[in-house]
Amino acid sequence: MKKTHLLALVVIALAIGIVMATAGDASVYVSFKEAKELAADGDLRKVHVVGRLPHDAGNNIVGMQYNPTLDPNYFTFVLVDTNRVHQQVVYFNPKPQDFEKSEQVVITGNMRNDVFVADKILLKCPSKYVENEVKGATAAR
Amino acid sequence: MSIGDWGHLSVIVAFVAAVVSALGYYMAARGRALGEADTAWLKLGRGGFAVHSLAVIGVIVTLFGIIYGHRYEYYYAWSHSSNHLPVHYMISCFWEGQEGSFLLWIFWHVLLGAALMRMARQWEAPVMAVFAGVQLFLMSMILGVTVGSLKIGSSPFILMREFMPDLPVYKLNPDWVPQDGKGLNALLQNYWMVIHPPTLFLGFALTLVPFAYAIAGLWKGELTKWVQPAIRWSLWGGGVLGIGIMMGAYWAYETLNFGGYWNWDPVENAVYIPWLVLVAGLHALVLWQRGRTGLRTAFALVVATFLLVLYATFLTRSGVLGNASVHSFTDLGLSGQLILYLAAFVVLSIGMLVWRWKSIPVSEKELTMYNPELWVFIGATVLCLGAFQVLVTTSIPVYNAFVGFFGVKSNLALPADQIAHYTKIQLWMGVGVAVLSGIAQLMWWQKNDKESVSNTFTIPAMLTLLGAALVILLVRQNGHQMTLPYIALLTTGLFGVLANLGMLLQLLRRKVRISGGAVSHIGVALMLLGILASAGYSNIISKNTSGLLYSREMPEEINRDNVLLWRNDATKMGPYELTYTGQYFDVPSVPEYVNKELLFPVMNDEYKAVARGEIKVGDKSYYKAGDTLEIRPEDTYYRVVYKHKDSGEDFVLFPRAQVNEEMGGLLASPDIKLFWDHDIYSHVSSVPDPTKEKDWSEAKEFTVSMNDTLFLNDYFAVFKNAEPAHNTAGLGLGKGDIAVQGDIIVYGEKGRQYHVHPVFVVRNGGMVGRVPDEIEDLGLRITLDNIDPQKGKFTFGVSTTQKDYVILKAMEKPFINLLWSGTLLMGFGFALAIYQRGRKPKPAPAVAKASKKQVQAA
């Protein structure tokens with residue numbers, strides 16, 4: 001066998017290894033129900049959950065708590081996933097500043113005991129045009 | 001015709017001229033050997049490209065004119081600029097939008113095309129045919145023409161009322177023009193953002209040149225002659241793109257708050273992947289030039305580089321990344337067009353490769369361990385594998401979109417811990433690159449056999465092992481762990497530096513001009529060491545030890561990386577004692593930040609403030625009390641004093657928070673203190689919202705005489721005096737108005753005294769006004785509510801609010817300067833190599849054989 005063929009084999013093996021590693025590390029988007037099932041099976045892999053923040057009649061966010069003077073590294077809120085399951089989420093970091101304005105929240109982490117411990121929060125804010133349209137137009141009147 | 005119509009016309013002219021030019025050059029080269037282009041068609045191609053170039057410059061001038069002239073009837077100006085934007089940032093808002101950044105890319109192609117028309121000689125026709133073809137594709141992205149129901153491209157000259165025709169204001173007034181624009185994203189108002197995008201796009205544009213040569217070579221069957229020019233242009237591309245990427249990393253380090261310079265964001269990866277392949281391709285080209293081997297690899301990699309640039313464009317501009325990236329462009333609905341072009345270029349170029357594959361010469365000789373070419377080849381392979389890994393992971397959102405297209409729902413997500421995922425593999429790529437660059441460099445300049453190899457390698461290897469052992473000992477001594485991958489990277493990184501340095505010293509003795517390769521390899525090895533130290537040993541010093549109240553809930557160890565700093569309360573943090581002392585503003589005309597307490601806001605103009613007292617820096621006075629000055633209200637700087645516990649030395653950092661409605665709130669940017677061996681990096685993670693009205697308690701009334709003491713909640717105060725108020729603090733006193741201000745001294749913590757001056761105004765008409773005064777340090781606000789002149793009694797209202805605080809995260813980045821200095825060295829190495837190749841006359845093969853040692857730089 002020629003050396004180049006050997007090299008090619010090694011490269012192919014490594015490439016397969018890389019694809020396997022990626023597949024192994026890739027996370028999934030799940031619902032809270034599936035996240036609980038995973039945790040119950042002892043699978044501690046971190047998952048993504050997409051959800052919204054519950055609002056009460058007065059348009060206030062329900063179940064959100066952040067008291068920096070007590071503990072700046074503890075933020076908890078309730079997230080409602082696409083199947084309308086409510087779940088308490090704990091985030092051991094300061095509250096993201098634009099949290100209340102977000103339309104959609106993506107969290108990564110896993111269930112521990114009864115709470116979902118998030119280590120990353122991604123916020124999707126409302127389309128930037130809507131707000132500005134109103135603002136620009138009122139300024140003109 | 002309006003200015004926008006002229007612009008749009010120029011776009012169309014530029015597009016048509018690109019079509020004409022592509023056609024002319026294509027016909028000139030078709031069916032003819034290299035250098036025997038048809039002159040008539042060639043003239044058409046040249047003329048087309050000249051018209052195209054002029055039109056492109058016209059488009060750019062027009063668009064900049066619209067931005068510079070604050071013509072907010074145009075969507076692009078409204079969306080990216082604003083009245084208060086300084087001119088140098090108007091340049092950056094030019095490329096904040098998709099259309100402008102396409103224009104920037106097109107502009108570089110125009111310049112490179114002009115250079116090629118002069119320099120390419122016999123290559124001109126086929127190379128420029130590819131160039132004009134690519135220009136045609138890029139121009140169509142900003143064409144903004146609708147054919148039937150098909151929208152081709154998105155024009156930057158679209159009017160507001162065309163973009164948002166449903167705005168209610170247009171029903172009332174069809175000619176309505178916004179008064180101000182939305183402004184440039186505050187994060188992009190940074191000097192790096194003025195030079196980073198042009199550098200990056202120049203890098204992108206430069207990858208087209210070797211690609212065009214490769215395609216021209218395949219087309220004309222000239223399968224070897226293209227290598228010579230392709231190497232020089234690839235060197236330019238590798239250097240510029242590499243520097244451009246690192247500029248972006250430095251910008252992220254300075255401006256964003258994820259705590260580092262590289263976040264493996266898909267947008268970053270999209271540029272990193274083609275760069276790795278470009279560098280691998282460059283090595284393959286050099287292999288062919290020196291060793292007559294690796295030509296097929298060179299062809300494949302040069303073509304792949306440009307295709308990956310197109311793929312990066314697709315990733316960042318089509319909206320396919322969606323949630324996966326924080327800073328891709330907004331979707332303009334161009335994804336169909338982008339996919340079409342990507343597919344066209346992939347099919348065409350791969351088709352041509354396949355067509356000529358069998359005729360591309362291969363080397364007959366088998367490479368042995370003693371051939372440096374073998375090691376360079378393996379090094380290029382390692383780079384490609386590294387690029388492949390990033391590509392596979394970054395494309396995860398694409399797989400979802402792809403199977404979704406066939407109706408299959410996929411819930412695959414990017415790895416939850418991306419940094420760990422990429423590091424796991426990229427670290428080993430680093431190891432490979434460092435060790436192989438050392439080996440190849442040592443063997444490159446000599447004839448190798450068993451004896452000479454062991455002679456050459458002994459000293460660098462010994463030094464490496466000694467150095468690595470010493471560093472490992474020192475690291476352990478300082479109480480840090482060192483895992484096996486880290487030890488591997490340290491050792492190979494050191495070897496990379498020492499082997500290349502040893503070679504460089506030898507080369508310097510022989511001939512300085514051929515040292516470009518060694519210099520840039522030292523740079524890369526230093527960068528690897530810098531990344532190992534600064535990222536591997538990044539140390540959070542703001543570990544919170546208090547606030548254990550909730551932690552019982554969670555038995556596991558949770559990192560608590562943020563501390564709360566009350567204003568003026570010193571807090572211990574790592575080796576430092578920290579004090580947050582207040583909020584500051586950037587006043588453009590004053591060299592230092594100005595305390596917010598010295599500035600009185602002006603009604604209806606947030607960009608102006610009135611000085612409450614003298615503003616001076618050192619001995620120089622900039623403003624007197626009562627002067628009106630300009631401020632930049634969107635940025636608040638939080639002054640934090642760091643005092644080292646042992647040495648007692650202190651320094652001040654001003655981490656920043658920006659009010660940014662577009663991104664939904666406050667954006668924190670770090671401030672960094674640079675030491676030679678580490679950086680202290682810190683940013684606020686949370687602050688009381690500066691735009692929100694504070695919650696004041698109900699005012700408590702005190703009726704007192706002069707020199708009486710007031711007992712406030714935690715403090716006491718003495719009412720010293722009442723005096724006529726001057727026309728300061730934006731009172732706007734008219735004739736006959738009477739204003740009295742109280743002078744109260746409040747005694748705060750640690751004997752600190754504050755003078756408070758609430759003002760009581762009686763206007764000419766008998767109207768009464770009160771101007772409260774606030775001590776932000778104490779969270780106190782005092783008004784002078786009433787004056788009883790007969791009894792000499794004064795009534796003050798005192799309300800309190802929560803004391804001001806910031807939540808801060810701080811970390812130490814050891815030896816990060818290795819990364820930056822390695823970057824500079826790498827760039828310098830590229831520059832040297834370009835210079836060498838520019839000077840050196842082509843070595844004829846016979847000459848090269850005669851003097852084996854006089855070979856090209858690696």
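How many residues does the contact take from chain B and from chain A?

## The contact between the chains

In this predicted model, the contact draws on 46 residues from chain B and 45 residues from chain A. On the side of chain B that touches chain A, the elements that give two or more residues are α14 (372-394), β3 (412-413), α16 (418-444), β5 (563-566), β17 (665-669) and β19 (678-686) of chain B. Of these, α14(B) supplies the largest share, with 6 residues. Sorted by class, the side of chain B that touches chain A consists of 25 nonpolar, 15 polar and 6 charged residues.

Strand pairing also links the two chains, since strand β1 (residues 27-30) of chain A and β3(B) pair in the antiparallel sense over 2 bridges. A:Ser27 has B:Ala413 as its bridge partner in β3(B).

## The domains of chain B

Chain B is divided into four parts, namely domain 1 (1-184), domain 2 (201-364), domain 3 (568-692) and domain 4 (700-801). Between the C-alpha centres of domain 2 of chain B and domain 4 of chain B there is a separation of 68 Å.

## A pair of helices

Helix α1 (residues 3-29) of chain B packs with helix α2 (residues 39-68) of chain B at an angle of about 160 degrees, and their axes are 7 Å apart. With the cut-off for roughly antiparallel set at angles over 145 degrees, α1(B) and α2(B) are therefore roughly antiparallel to each other. The crossing in which α1(B) passes α2(B) is left-handed. In the contact of α1(B) with α2(B), the residues divide into 21 nonpolar and 11 polar, with no charged residues.

## A sheet of four strands

An open sheet of 4 strands in chain B follows the order β20-β29-β28-β27, and its pairing is antiparallel. Because β20 (700-704) and β27 (773-775) of chain B stand at the edges, each with a single partner strand, one side of each is left without a neighbour in the sheet. On average, and with direction ignored, neighbouring strands of this sheet are turned by 25 degrees against each other.

Within this sheet, strand β28 (residues 780-788) of chain B and strand β29 (residues 793-800) of chain B pair in the antiparallel sense over 8 bridges, and the bridge partner of B:Leu780 in β29(B) is B:Thr800. These strands, β28(B) and β29(B), form a hairpin with 4 residues between them, and B:Gly792 in the turn has a positive phi of about 70 degrees. Antiparallel pairing also joins β27(B) to β28(B), here through 3 bridges, with B:Asp773 standing opposite B:Ile782 in β28(B). A hairpin is likewise formed by β27(B) and β28(B), with 4 residues between them, and in its turn B:Gly779 has a positive phi of about 70 degrees.

## A sheet of three strands

In another part of chain B, 3 strands form an open sheet in the order β9-β10-β13, with antiparallel pairing. The edges are taken by β9 (599-601) and β13 (628-630) of chain B, each of which has a single partner strand, so one side of each is left without a neighbour in the sheet. From one strand to the next, the twist averages 45 degrees. Strand β10 (residues 608-611) of chain B is joined to β13(B) by 3 bridges, and the two run antiparallel; in this pairing, B:Val610 stands opposite B:Thr628 in β13(B).

Note on methods. Residues are numbered from 1 along each chain as its sequence is written. Chains are lettered from A and ligands numbered from 1 in the order in which they are written. This is a predicted model: local features need pLDDT of at least 70, side-chain atom pairs count only at pLDDT 80 or more; totals for chains, interfaces and linings use all residues. Axes are lines fitted to C-alpha atoms, for helices over the stretch in contact, and angles run from 0 to 180 degrees between N-to-C directions. Angles under 35 degrees count as roughly parallel, over 145 as roughly antiparallel, 65 to 115 as roughly perpendicular and the rest as oblique. A crossing is left-handed if the near helix is turned anticlockwise from the far one by less than a right angle, and right-handed if clockwise. Ala, Val, Leu, Ile, Met, Phe, Trp, Tyr, Cys and Pro count as nonpolar, Asp, Glu, Lys and Arg as charged, and the others, Gly among them, as polar. Domain bounds come from an automatic or database domain assignment. Two residues are in contact if their C-beta atoms, placed from the backbone, lie within 7 Å. Two strands pair if DSSP finds at least two bridges between them.
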